There are 2 protein chains.
Amino acid sequence: MTRKEKDITTEEKIKGAARKVFTQKGYAATRTRDIAEEAGINLALLNYYFRSKEKLFELVMAEKVGELFGMLVPVVVDHSTTLKTKMEKIAATYIDTLEKNPGLPLFVLSEIHRRPEWLSQRVPIADIFKKSSFMQQVREKRPDIDPMHFFMNALGLCVFPFISSPVFIGAGVINRNDFKKLLQERKSLIPVWMNAMLKA
Amino acid sequence: MTRKEKDITTEEKIKGAARKVFTQKGYAATRTRDIAEEAGINLALLNYYFRSKEKLFELVMAEKVGELFGMLVPVVVDHSTTLKTKMEKIAATYIDTLEKNPGLPLFVLSEIHRRPEWLSQRVPIADIFKKSSFMQQVREKRPDIDPMHFFMNALGLCVFPFISSPVFIGAGVINRNDFKKLLQERKSLIPVWMNAMLKA
DNA sequence: GTCTATAGTAAGATAGAC
DNA sequence: GTCTATCTTACTATAGAC
């Protein structure tokens with residue numbers, strides 16, 4: 001047994017397995033047995049540590065929502081950066097992070113879709129975005145258009161490829177390698193496109 | 001009993017219920033009992049008509065994939081229209097159709113994510129898109145950039161709002177009415193943005 | 001803390017009456 | 001064709017030994 005394996009507590013092994021299985025299959029399709037097997041432990045231990053499937057899911061979900069939106073906050077509220085810089089940071093951060101965890105957006109979006117109240121009950125984040133420096137700067141440039149459009153566009157341009165890749169790849173419209181190349185290109189293209197949309 | 005109700009066969013009632021429940025909750029979270037109840041019939045009848053949950057799902061899934069991508073084909077292959085016209089048609093068609101069926105994209109994308117081989121086994125549509133008039137016209141305008149980028153952007157700008165609306169609305173970043181207003185605005189904005197991106 | 005064994009329940013599917 | 005009742009399986013969760 002390597003040092004690394006020995007240091008991971010059973011609790012962390014289960015959480016790690018849960019992260020993997022839940023994000024891959026979603027809550028409903030996940031069986032606690034899958035998680036136990038993935039963690040290399042017995043099913044009873046899962047309930048010993050986390051009481052129930054629901055409680056374990058809750059933990060993972062909160063973490064994943066944080067991963068997906070947490071990275072956004074420091075960038076959009078920063079008053080010291082230009083809109084262009086913000087766009088560059090958003091594109092680079094999202095694409096690099098999601099490339100390591102491509103299933104993240106679809107998981108979060110799907111689970112929130114099935115539990116619309118989940119977010120409102122715990123993440124009071126609306127004002128942070130609405131009053132953010134990003135929104136102000138967009139409003140200054142385009143007082144004639146709802147800034148939410150551009151916020152959505154920025155996120156969509158970054159995130160949509162990851163959500164739709166199974167379709168494009170599955171349909172044979174693109175292959176895995178070309179897709180990876182596209183992603184890298186988008187890191188520099190998205191800021192340029194966003195700038196063009198703001199001027200259009 | 002109204003005329004309309006009387007004319008709907010039991011088979012159609014079940015299929016209709018299945019469409020509703022499957023797209024709302026996804027395959028795994030759907031119980032055949034939910035569908036039977038929604039259809040106002042007995043559980044046994046579902047198996048009498050469709051043999052199994054899987055077979056019924058298969059039917060709905062094929063239909064929904066058709067709904068989501070079928071509308072795209074006639075537009076992108078049409079050699080008689082300009083790129084600008086194509087963009088206008090894509091935006092208008094998608095937003096109008098999806099407004100009546102907002103859960104469609106997330107359903108299709110999620111289910112394909114969980115069954116990556118599903119598409120490749122039955123929808124041999126790759127060449128239609130790759131050789132489409134849309135792709136050619138984009139290549140002419142921007143031979144320096146992979147046209148797939150713009151195809152993805154067009155779809156993403158139309159579809160992403162529907163996928164992400166539960167998040168935006170759930171987090172309180174936007175309310176339902178403003179969201180509906182945004183959607184209408186996007187029908188004319190998206191073609192403008194796409195044009196701007198192509199020039200950038 | 002970790003296991004085996006099992007209770008309890010929910011879900012998909014079918015048998016058989018009408 | 002449509003129903004009620006039931007079979008069978010698979011899942012979550014717990015009891016209890018070690």
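The largest nonpolar core of this predicted model comprises 144 residues. Within this core, Tyr94(A) and Tyr94(B) have the most contacts. Leaving aside residues up to four places away in sequence, Tyr94(B) touches Leu68(B), Phe69(B), Met71(B) and Leu72(B), and also Glu99(B), Leu155(B), Cys158(B) and Val159(B). In soluble globular proteins, nonpolar side chains tend to be buried together.

The two protein chains were compared by superposition. Chain A can be laid on chain B by a turn of 180° with a shift of 0.0 Å along the axis, and the RMSD is then 0.0 Å. The two copies are therefore related as by a two-fold rotation axis. The same surface serves both copies, as 100% of the contact residues of chain A recur in chain B.

A buried serine was examined in chain B. Ser133(B) belongs to helix α11 of chain B, which covers residues 133-141. Its relative accessibility is 3%, and Ser133(B) therefore counts as buried, the cut-off being under 20%. A polar atom of the Ser133(B) side chain lies 3.4 Å from the backbone oxygen of Asp78(B). Asp78(B) is also among the residues that Ser133(B) touches when those up to four places away in sequence are not counted. The others in this set are Val76(B), Val77(B), His79(B) and Lys86(B).

The surroundings of DNA strand C include residues of both protein chains. There are 16 residues around this strand, and those that come nearest are Asn42(A) and Tyr49(A) from chain A, with Arg31(B), Thr32(B) and Lys53(B) from chain B. Of the atoms of DNA strand C that come within 4 Å of the protein, 56% belong to sugar and phosphate. By residue class, the surface near DNA strand C consists of six nonpolar, six polar and four charged residues.

Individual polar side chains approach both phosphate and base atoms of the strand. In chain A, a polar side-chain atom of Thr10(A) is 2.9 Å from a phosphate oxygen of DNA strand C. In chain B, an N or O atom in the side chain of Thr32(B) lies 2.8 Å from a phosphate oxygen of the strand. Arg33(B) instead places a polar side-chain atom 2.8 Å from a base nitrogen of DNA strand C. Two or more residues of the surface near the strand are given by each of α4 (43-50) of chain A, α3 (32-39) of chain B and α4 (43-50) of chain B. The largest share, four residues, comes from α4(A).

Definitions and conventions: Residues numbered from 1 in each chain as written. Chains lettered and ligands numbered in written order. Predicted model: local features only at pLDDT ≥ 70, side-chain atom pairs only at ≥ 80, totals over all residues. Heavy atoms only, no water. Least-squares fit on C-alpha atoms with pLDDT ≥ 70 in both. Contact = heavy atoms within 4.5 Å. Core = buried A, V, L, I, M, F, W, Y, C linked by side-chain atoms within 4.5 Å. Buried < 20%, exposed > 50% of the residue type's maximum accessible area, 1.4 Å probe, protein only. Near = heavy atom within 4 Å. Polar contact = N/O pair within 3.5 Å; in protein donor to acceptor, adjacent residues only side chain to side chain. Nonpolar A, V, L, I, M, F, W, Y, C, P; charged D, E, K, R; others polar.
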